[in-house]
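Subject: Structure handover and findings

Hello,

Here is the structure I said I would pass on. My notes on it follow below.

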Amino acid sequence: MKKNLWKIYLIPVAVALIFSVLSVFSFFEAGEKRIFDILLHFKPSVSEDPSIILIDVDDLSIAQVGVWPWSRDIMADGLILMKEFGAEYALFDIEYTEQSPLGVNAKVLQEDIPSLFTNEFYNIDQNTSDLFTAIEAGFISLEDAAYYVSDLKILNEESRDILLNKVGDIARDNDSYLGRTARFFGKSFFTSSMLLSIEGTLTEEHKSLAFEKIALETIKDIDGTVYGAEDIRPVIMPILKNAAGAGFPNVNPDEDGVSRRVNLLREFEGHYFPQLSFAPQI
């Protein structure tokens, strides 16, 4: 028995050595990945959690709502609707990293503006008409008319300021609107992309807020296995200020273009950021 003992140890050592040598060659690595993919088909699929709903922007959605990308007020209204339906968490796998154009408040444009213009111009016409009627009837002398004209000018300027202020309400900041709805919803999470090269567009204020709102405080990379990033691209400030948190959506595929793994953490300047789907669990 002792004479054959060496075979028990030799065989696994030899197999390990052979596969170690073969792993140096790219064809073996590619074959290993294909075998891995095949074996995954025999693995039981993960049961879907009925409490998790994927709201997808598909062809039907675009046909109903309009051409993509949608303005952010549409996404904000959807977030409010989700709140009314009792949704507890909301994860946006859409990168809101650039400021969007101002939107148009349709109610102000179509209802408030015409009504206000009608009222204010009616007041201007009425005040002017009353002044000339009073002068014509002799209630106001020509010498005193100058004082009333000055008062009329003040009233007209007040009407002008009212109209200008209301015209300013036509334009709506949809970024701020989405941020406010994120705060209203509560547990809403957005993206913070981890970059492999320095982009150089991140301000210190934005970075500081990202460290405060997104980075994890109780994580330590004991064995140095957490991948690092050279820069970050968080969601824009109006949204980040009001979000519950954020995470990175990045998935790094293998050389053959297939994604076989997802990193749960990334490190940037000593801070650790979670993967987007992992962020709400922390």
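Asp112 is partly exposed, because its relative accessible area of 23% falls between the limits for buried and exposed. This residue makes a salt bridge with Lys107, and the closest N and O atoms of the two are 3.2 Å apart. Lys107 is also partly exposed, with a relative accessible area of 47%. Please keep in mind throughout that the model is predicted.

Salt bridges

In total, the structure has 10 salt bridges. Side chains of opposite charge can pair when their charged atoms come close.

Another of the pairs is Asp169 with Lys166, where the N to O distance is 3.6 Å. Here Asp169 is partly exposed at 39% relative accessible area, and Lys166 is partly exposed at 23%. Separately, Glu95, Glu199 and Arg233 are joined into one network by salt bridges that share partners.

Arg72 and Asp175 also form a salt bridge, with 2.8 Å between the closest N and O atoms. This pair links distant parts of the chain, since Arg72 belongs to helix H4 and Asp175 to helix H7, with the two positions 103 residues apart. Are these two partners buried or exposed? Arg72 has a relative accessibility of 11% and therefore counts as buried, the limit being under 20%. Asp175 is buried as well, at 2% relative accessibility.

Pockets

The largest pocket has a volume of about 1,500 Å³. Its lining consists of 34 residues, and those closest to the centre are Ile53, Leu54, Ile55, Met82 and Leu91. Helix H4, which spans residues 72-84, and strand S1, residues 90-91, each contribute at least two residues to this lining. H4 gives the most, with 6 residues. Sorted by class, the lining of the largest pocket has 22 nonpolar, 7 polar and 5 charged residues.

The second largest pocket holds about 270 Å³ of space. It is lined by 17 residues, of which Thr97, His206, Pro234, Ile236 and Met237 are the closest to its centre. Two or more lining residues come from each of helix H7 (174-185), strand S5 (231-234) and helix H9 (237-240). Which of the elements gives the most to the lining of this second largest pocket? That is S5, with 3 residues. By class, the lining of the second largest pocket divides into 6 nonpolar, 6 polar and 5 charged residues.

Surface

Ile35, Ile38, Leu39 and Phe42 make up a nonpolar patch on the surface, and together they have about 470 Å² of accessible area. Leu39 is part of helix H2, which covers residues 26-40. With a relative accessible area of 53%, Leu39 is exposed, because the limit for that class is over 50%.

Loops and backbone

Gly200 sits in the loop between strand S4 (188-195) and helix H8 (204-213). At 61% relative accessibility, Gly200 counts as exposed. The C-alpha atoms of Gly200 and Ile232 are 9.3 Å apart in space, while the two residues are 32 apart in sequence.

Two backbone details may be worth a look in your viewer. One is the peptide bond that joins Trp68 and Pro69: this bond is cis, with omega at about 5°. Pro69 is found in the loop between helix H3 (59-65) and H4.

The other detail concerns Glu269, a residue other than glycine whose phi is positive, near 50°. Glu269 lies in the loop between strand S7 (265-268) and strand S8 (271-274). With a relative accessible area of 46%, Glu269 is partly exposed.

Regards

How values were computed. Residues numbered from 1 in each chain as written. Predicted model: local features only at pLDDT ≥ 70, side-chain atom pairs only at ≥ 80, totals over all residues. Heavy atoms only, no water. Patch = residues over 30% accessible without salt bridge, like charges linked within 9 Å, V, L, I, M, F, W, Y side chains within 5 Å. Areas by Shrake-Rupley, 256 points an atom, 1.4 Å probe, with all protein chains shown as cover. Salt bridge = Lys/Arg side-chain N within 4 Å of Asp/Glu carboxyl O. Helix = DSSP H or I, 4+ residues; strand = E, 2+ residues; numbered from the N terminus. Buried < 20%, exposed > 50% of the residue type's maximum accessible area, 1.4 Å probe, protein only. 1 Å grid on protein atoms, 1.4 Å probe; cavity = no way out; pocket = protein on both sides within 12 Å on 5 of 7 lines; lining within 4 Å. Points joined across faces, edges and corners; volume = space filled by probe spheres on them. Nonpolar A, V, L, I, M, F, W, Y, C, P; charged D, E, K, R; others polar.
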